[in-house]
Amino acid sequence: MRKRIIAGNWKMHKTLVEGLELVEALKAGYIPDDYYEAVVHPPFTLLHEISKALEGSDIKLGAQNLFYEDEGAYTGEISPLMLKDAGVDYVIIGHSERRKYFHEDNDIVLKKVRAALRHGLKPIICVGETLEQREAGKAKDVVADQLSILRGISIGDMEEIAIAYEPVWAIGTGRTATPELAEEMHKFIRETVAGIFNRDVANNLPILYGGSVKPNNVFDLTSEEDIDGALVGGASLKVDSFLSIIKNAARNII
Ligand code: PGA
């Protein structure tokens with residue numbers, strides 16, 4: 001059975017006090033099970049303290065980004081070594097907001113994925129098309145191009161990787177992809193990965209859906225055969241909604 005993940009991407013939200021409050025409440029309400037791994041991705045400045053707060057809990061810690069060098073004169077950047085030092089397990093790479101506002105392209109995404117793997121961090125690689133690209137009938141071409149970076153990764157490292165399909169038009173808009181539309185793309189992603197590596201690698205790959213995931217739509221989304229969890233933005237900022245998403249995620253897939 002492949003791994004399933006519900007990850008909360010806090011983006012640029014929460015001071016330390018607010019972040020600790022949220023994590024303490026999550027710890028109190030989270031019931032660990034064998035179905036979904038829960039991960040929180042706070043901003044960099046909170047990582048050390050949240051890591052301490054999560055000690056002894058089953059909730060994992062993730063970062064939202066990293067730089068691809070270990071150290072050096074890169075003002076303002078955070079290296080994979082620093083993330084390891086902060087107790088981080090997962091790292092989101094290539095989020096559409098990074099691609100859009102910080103001009104991250106496939107080359108940068110691949111360098112970041114390799115840097116994460118080099119230090120034992122688990123990359124959650126984001127892919128997804130804009131509305132314009134979807135309307136032009138190019139959604140699959142765009143996603144295939146974003147997935148092409150996997151050709152630069154060894155087959156053994158694929159065990160550490162998760163993909164998040166996040167249609168840009170669904171992020172923060174309240175406009176979720178229908179389960180059928182999301183499933184179609186998830187299946188396409190799995191087929192593409194099978195083509196790059198093999199069927200086993202594709203079958204073991206967790207593919208998360210992201211884009212306006214809420215407590216009331218997560219069950220239908222995760223009931224789809226190829227949707228193995230969710231990357232949640234806005235609804236991960238409140239304890240009740242994030243816990244409900246974890247609780248409501250479907251448990252009926254073998
Ligand atoms: P959203 O964000 O749930 O607020 O749409 C998802 C994401 O960008 O990861």
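**Reading the ligand site and the rings**

Mentor: By class, four nonpolar, seven polar and two charged residues form the shell around the ligand. The model is predicted, so local features need pLDDT of at least 70 and side-chain atom pairs pLDDT 80 or more, while totals for chains, interfaces and linings use all residues. Residues are numbered from 1 along each chain as its sequence is written, and side-chain values use heavy atoms, leaving out hydrogens and water.

Trainee: What makes a residue count as near the ligand?

Mentor: One of its heavy atoms must lie within 4 Å of the ligand. There are 13 residues around the ligand, and Lys 11, His 95, Glu 166, Gly 172 and Ser 212 come nearest.

Trainee: Why is the approach of His 95 to the ligand called a polar contact?

Mentor: A polar contact is a pair of N or O atoms within 3.5 Å. An N or O atom in the side chain of His 95 is 2.7 Å from an oxygen atom of the ligand, so the pair meets the definition. For Gly 172, a backbone N or O atom lies 2.6 Å from a ligand oxygen, and this pair therefore qualifies too.

Trainee: How do you know that the charged end of Lys 122 sits over the ring of Tyr 90?

Mentor: A charge sits over a ring if NZ of Lys or CZ of Arg is within 6 Å of the ring centre and within 35 degrees of the ring normal. The charged end of Lys 122 is 5.6 Å from the centre of the Tyr 90 ring, so the distance condition is met. Arg 4 lies over the face of Tyr 36, at 5.7 Å from the ring centre.

Definitions and conventions
Polar contact = N/O pair within 3.5 Å; in protein donor to acceptor, adjacent residues only side chain to side chain. Nonpolar A, V, L, I, M, F, W, Y, C, P; charged D, E, K, R; others polar.
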